[in-house]
Amino acid sequence: MKKIWLLIVFVSILFSCSGSERSNNNPNIPNYSVNLSVDMNLPAYSNLKFVSNGVIVPNFGAKGVIIFNAGGTYNAFDAACPNQALNSCTAMTIDGINAVCSCDKTSYSLFTGLGGKEYPLKQYKVEVNGTLIHVYN
């Protein structure tokens, strides 16, 4: 009986664990494959060496990819407005530490991806190796 109880507890713990990432399910943004690398030594991406700076890399994801230096980590988000139909808005713009939707002017934090609407920014995975930033899903 003790073995069964331990097995039940172990299985419960195993299934209750989940990743720290939030759900990226968003009906407004398709799940495009993203796999890009940027070198912070290049002038176009050199601002990423400094905290609270971001760049938009066009032609990846739905409307481009925003890469942001969050201080010790890097965040990457799709530049498509998460709460608007994909074809109704142009790519978001960066305004300091926020990304701003061109349609409804909603600001989304580039630290968290949250913006006070139903869906947060669609986030991608990031790996950093020296001056290379790899963004993927």
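**Figure 1. An overview of the predicted model.** Of the 137 residues of the protein, 32% count as buried. Keep in mind as you look around that this is a predicted model. The protein has one helix and nine strands, and from the N terminus on its elements run α-β-β-β-β-β-β-β-β-β. Among the contacts with a separation of 6 or more, 48% join residues 24 or more positions apart.

**Figure 2. The open sheet of six strands.** Follow the strands across this sheet and you read the order β1-β9-β8-β4-β3-β2, with antiparallel pairing. β1 and β2 stand at the edges and have a single partner strand each, so one side of each is left without a neighbour in the sheet. On average, neighbouring strands here are turned by 25° against each other, direction ignored. Inside the sheet, β8 and β9 pair in the antiparallel sense over five bridges. In this view you can also find Glu127, which stands opposite His134 in β9.

**Figure 3. A close look at β4 and its two partners.** How many residues of β4 are buried? Five of its five residues are, so to describe the strand as mostly covered is to use the definition of under 20% relative accessible area. Tyr74, Ala76 and Asp78 point one way from β4, while Asn75 and Phe77 point the other way, and all are buried. On one flank, β3 and β4 pair in the antiparallel sense over five bridges, and Asn69 has Tyr74 in β4 as its bridge partner. The hairpin of β3 and β4 has four residues between the strands, and Gly71 in this hairpin takes a positive phi near 80°. β4 also pairs with β8, in the antiparallel sense and over two bridges; here the bridge partner of Phe77 is Gln123 in β8.

**Figure 4. The largest nonpolar core, with Ile67 picked out.** This core has 15 residues, and those that touch the most other members are Leu36, Val38, Leu48, Val65, Ile67, Ile133 and Val135. At least two residues of the core come from each of β1 (35–39), β2 (54–57), β3 (65–69), β4 (74–78) and β9 (132–136). In soluble globular proteins, nonpolar side chains tend to be buried together. Which residues does Ile67 touch, leaving aside those up to four places away in sequence? They are Leu36, Val38, Leu48, Asn53, Gly54, Val55, Val57, Tyr74, Asn75, Ala76, Ile133 and Val135. A second, separate core has 13 residues, including Ala70, Cys89, Tyr108 and Leu121.

**Figure 5. The aromatic pair of Phe68 and Phe111.** A search of the whole structure finds one aromatic pair. Phe68 and Phe111 form it in an edge-to-face arrangement, at 5.0 Å centre to centre and with 85° between the planes. Phe68 lies in strand β3 and Phe111 in the loop between β7 (107–109) and β8 (123–129), so the pair ties together parts that are 43 residues apart in sequence. The two rings also sit in different surroundings: Phe68 is buried, with a relative accessible area of 0%, whereas Phe111 is partly exposed, with a relative accessible area of 35%.

**Figure 6. The surroundings of Asn83.** Look for Asn83 in the loop between β4 and β5 (93–95). Is Asn83 buried or exposed? Asn83 is buried, with a relative accessible area of 17%. The side chain of Asn83 makes a polar contact with the side chain of Tyr108 at 2.8 Å, and the Asn83 side chain also reaches the backbone nitrogen of Tyr119 at 2.9 Å. Not counting residues up to four places away in sequence, Asn83 touches Asn28, Tyr108, Lys117, Glu118 and Tyr119.

**Figure 7. The open sheet of three strands.** This sheet has the order β5-β6-β7, and its pairing is antiparallel. β5 and β7 stand at the edges, each with a single partner strand, so one side of each is left without a neighbour in the sheet. Neighbouring strands of this sheet are turned by 35° against each other on average, direction ignored. β5 pairs with strand β6 (residues 98–100) in the antiparallel sense over three bridges. To find your place along the pair, start from Ile94, whose bridge partner in β6 is Ala99.

Key. Residues numbered from 1 in each chain as written. Predicted model: local features only at pLDDT ≥ 70, side-chain atom pairs only at ≥ 80, totals over all residues. Heavy atoms only, no water. Core = buried A, V, L, I, M, F, W, Y, C linked by side-chain atoms within 4.5 Å. Buried < 20%, exposed > 50% of the residue type's maximum accessible area, 1.4 Å probe, protein only. Contact = heavy atoms within 4.5 Å. Phe/Tyr/Trp six-rings, centres within 6.5 Å; stacked < 30°, edge-to-face > 60°. Pairing = 2+ DSSP bridges. Axes fitted to C-alpha atoms, helices over the stretch in contact; angles between N-to-C directions. Polar contact = N/O pair within 3.5 Å; in protein donor to acceptor, adjacent residues only side chain to side chain.
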